[in-house]
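Q: I have a structure open here and would like to go through it. Can we start with one residue and work outwards?

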Amino acid sequence: MNNINSNFMSREARINAIFEKRLPLVRKLESVERNLKSINLKIDELEQLGEQITKNLSSTKVSINLRRLDFLGIKQIIQKESEELSKLKLRFSRKTLNIGVVGRARQGKSLLLQRLTGLTADEIPDGKRGFCTGVRSNIHHRPGEQTRGSVRFYLEQEFLSEVISLYYKAFGNTSQLDSIDDFEKYPPSPPTEESAKLKTMFGHLIDDYHSHLSEYRPLLRNQSSKEISKAEIREYVAQDDSQGNPYFNYLAVREVDIFCEFPNSDLGQIVLMDMPGLGDTRLGDEQRLIQALEQDVDFVLFVRMPSALGDDWQDFDEDLYDKARTSLRDLARRSFLILNRTISDYGDNLHNCERFKETIDSKNIKVVQCEIADCSDKTASSKVLDQVLNYLAANITHLDEEYARSYQEGLEQLQQKVNSKLNEARSLLAAYNEDSLFEDQFLELWSRVTSGLESLIERLWVQREFEEPHFKTQVETTIAKCRSDKKIPSIAAIEKERDLKESYKMAYYNYFPAIRAHLSQQFLSLNGHLQQFLESVKAEVTIVLLEEGNLSDFSSKRGSEFLKDTAHFISERRNDGKQNELRLGFQHLADFNVSYAGIIQRQIRHHLDELTADQNELPIFRSTITNQVLEKTIEWVCNTLLNQYTSGISSISLTSLPSREQALDYLEGMLQRNELEQLVDQVLKLFSNLAAGSSSIPSSRFLSKEQVIGSFYADQIRNYLSICCDEVIDKCEESLKELLCEPNQIAYSMVREFVDLIRRTEGIEKEWRIFLKREQSRVWPELKQILEYSEDREDWLKLLLQLEEINQFKNLQFLD
């Protein structure tokens, strides 16, 4: 912007000309805003296209890199710069020159504004008891107009978020306020921290905002603004009336615009902004000050009244200046400091004012000019305003340029960052070379498959020293089933078999082959489990090949069937005519098996072979003399019992049986003593069994001598068959326990051999390359997709070109 020619122009004309000079800059700012919006939209398009490409290209390096391409940081900067430009545009679009009057309470701001504007304490409160100004007032110079006002109110939700929530946060209260009703019904609890400041804040919230909610709430509901007369202004801007009676309307007011004619007419379109005095414990004033300085204020008049009783620069002076400096760029060239001289009952503060002026530089409070003036004096106040306006009329154009330049520098940095990100985006979808892409993918696959298989082998190596738990369970289940289902014939079946064979001895011999075959069949189930276990290990191998080797497209099956299916895709012969070791490895693992005869049968067969009649002769069949003694014994016992039987007696007491010693005496000398004892015990047991647990044998169960002999033989056969069978089962169990580690040992050997064939054989890597190159579309569909998605790539590059075109520096430049 060019400097305004001050020759032949009044101050009012020079100030008003400022607004005309700002219009071209506003138009340029609007153009830059549009370009930033276009950049943001194009980035959105680029991100959407990137998501589409990522989805189509699955897990390629391109898709991985695209996911890492993060535009969030750039978009956040664009958002920030757009917000800053919007504020700058609003600042330069205004048809007024705004001067903010800033200071702590009771420093003379209100008196200064009264003298400058011609308004009174009814419009600009200057309470003598403490804080009086409740809201920000914007006082517009309008020559020829009657004094009036326009009030802007908070909406309810704005009031909650911008005012009430500040108190809740200060008290550490995290309650969610959804409505004014919530605030009315559930006010916060007093702060637990012992802080006088917090307690005073709590008093403001409860005593003012909450207790008087019904008085000002209608203003939050009915209208967003209201036109008021001069007489009504105080009740909306002040905390009390001139008599000290409290007002509460101001609690609902965001700001008030006052329109009046200033005493000095040579001012132009200026606005004096009366900010509430800082230092009160009412929250939000500092935030509103910062917001005003950022958006609305062109120049700041700081007001400070040194005490006549002794005073010095305080921390709050520097804090106030620092807050203003962070909000209004180039504050040092956009501010005056007025040291308010007063003469009161406490004395004249001129000496302290002069000392403040002398020491201001030492406090890093930088202003254009520091003046001592009596703010209550109209002439002195007007002189200060004249100095400010003359300074602005002479320098505002240059100040505007410098103010805007910092924004321009931010856009320059943004433009460079966008270009850098675009270059990164372009490199991701550069021209593809199929061979180099295949090589990258192959080396990664080769590494992953190797690691996966070696990890599996390492685990199998450790497991080979341990029992295979599922096989152990199967062995225990099989042994238990053998014991519970030995196929031992019943007494009736034995007697029936004897009738067929005409001999108990022949019947006894005939049962061994059937029992042996039945047990052998039971153990066959272990073979099925071995095959299942090895198949599960093959499935683990295929999982590695599927997940790390990308071979899932060759077969939907697992284990042996997957290996067979995949082997069909591998050439039988290499280019030199030799057998393809890779195919051989897959086929070998697919066909690998272990036989029942080789593992289990060889451990238990010799035990099963013990179930023969030759090796298990029943003692009662060993000699004819034994049979004769048996029959004589049974005959003697039967006769003894029959002699006890008389008509009318329904049972025979077991006490009627001969005693063991009587029986042995009766048979003395007929057999060896131990044979006699065994035979007598068995006979007496047989008769006891007829009693079926009772103390006597009922007549209905009493047998003839021939029946007793037959039953005795059948019982002996059945018992001895069971004993022989149990002995063999026990021996088989012990032998099988020695095999519990065998499945894990076989599994390790099987996989180790497979890995050696398909990974360690000389020249095997070349065979893998040939196989995978031929089948690359199955293994890496994304390689095919990358070449097929050229249209997406072209759209990507086209978007980048469009972005680069919009992002040219000339399109983001609003200053020459």
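**Leucine 85 and its surroundings**

A: Fine. Keep in mind that this is a predicted model. Leucine 85 touches Leu29, Val32, Glu33, Leu36, Leu411 and Phe814, leaving out residues up to four places away in sequence.

Q: Is leucine 85 buried or exposed?

A: Buried means under 20% relative accessible area. Leucine 85 has a relative accessibility of 0%, so it counts as buried.

Q: Which helix is leucine 85 found in?

A: Helix α3, which covers residues 72–93.

Q: How far is leucine 85 from glutamate 30?

A: Their C-alpha atoms are separated by 8.6 Å, and the two residues are 55 apart along the chain.

Q: Back to α3. What span should its 22 residues have, and what does the model show?

A: At 1.5 Å a residue, α3 should span 32 Å. The C-alpha atoms at its ends are 31 Å apart, which agrees.

Q: Which residues of α3 are buried?

A: Ile74, Ile78, Glu81, Glu84, Leu85, Lys87, Leu88, Lys89, Arg91 and Phe92. That list includes charged residues such as Glu81 and Lys87.

Q: And what covers the buried residues of α3?

A: The cover includes α1 (11–56), α10 (285–295) and α13 (378–428).

Q: New topic, the sheet. What is the strand order?

A: The order is β4-β3-β5-β2-β6-β1-β7-β8-β11, an open sheet of 9 strands with mixed pairing.

Q: Which strands stand at the edges?

A: β4 (225–229) and β11 (369–373). Each has a single partner strand, so one side of each is left without a neighbour in the sheet.

Q: By how many degrees are neighbouring strands turned?

A: By 20 degrees against each other on average, direction ignored.

Q: What joins β1 to β7?

A: 4 bridges do, between residues 97–102 of β1 and residues 299–304 of β7, and the two strands run parallel. Valine 101 stands opposite leucine 301 in β7.

Q: Where does α13 pack?

A: On the sheet, where α13 touches β1, β6, β7, β8 (335–340) and β11. The direction of α13 makes about 135 degrees with that of β1. Recall that α13 is also part of the cover over the buried residues of α3.

Q: What about α4? Which strands does it lie across?

A: Helix α4 (residues 109–117) lies across β1, β2 (136–141), β5 (253–260), β6 (270–274) and β7. It runs at about 155 degrees to β6.

Q: Last one, the whole protein. How many helices and strands?

A: There are 29 helices and 13 strands. Of the 816 residues, 47% count as buried.

Conventions: Residues are numbered from 1 along each chain as its sequence is written. This is a predicted model: local features need pLDDT of at least 70, side-chain atom pairs count only at pLDDT 80 or more; totals for chains, interfaces and linings use all residues. Side-chain values use heavy atoms; hydrogens and water are left out. Buried means under 20% relative accessible area, exposed over 50%, partly exposed in between (1.4 Å probe, protein chains only). Contact means heavy atoms within 4.5 Å. The expected span of a helix is 1.5 Å times one less than its number of residues. Two strands pair if DSSP finds at least two bridges between them. Axes are lines fitted to C-alpha atoms, for helices over the stretch in contact, and angles run from 0 to 180 degrees between N-to-C directions.
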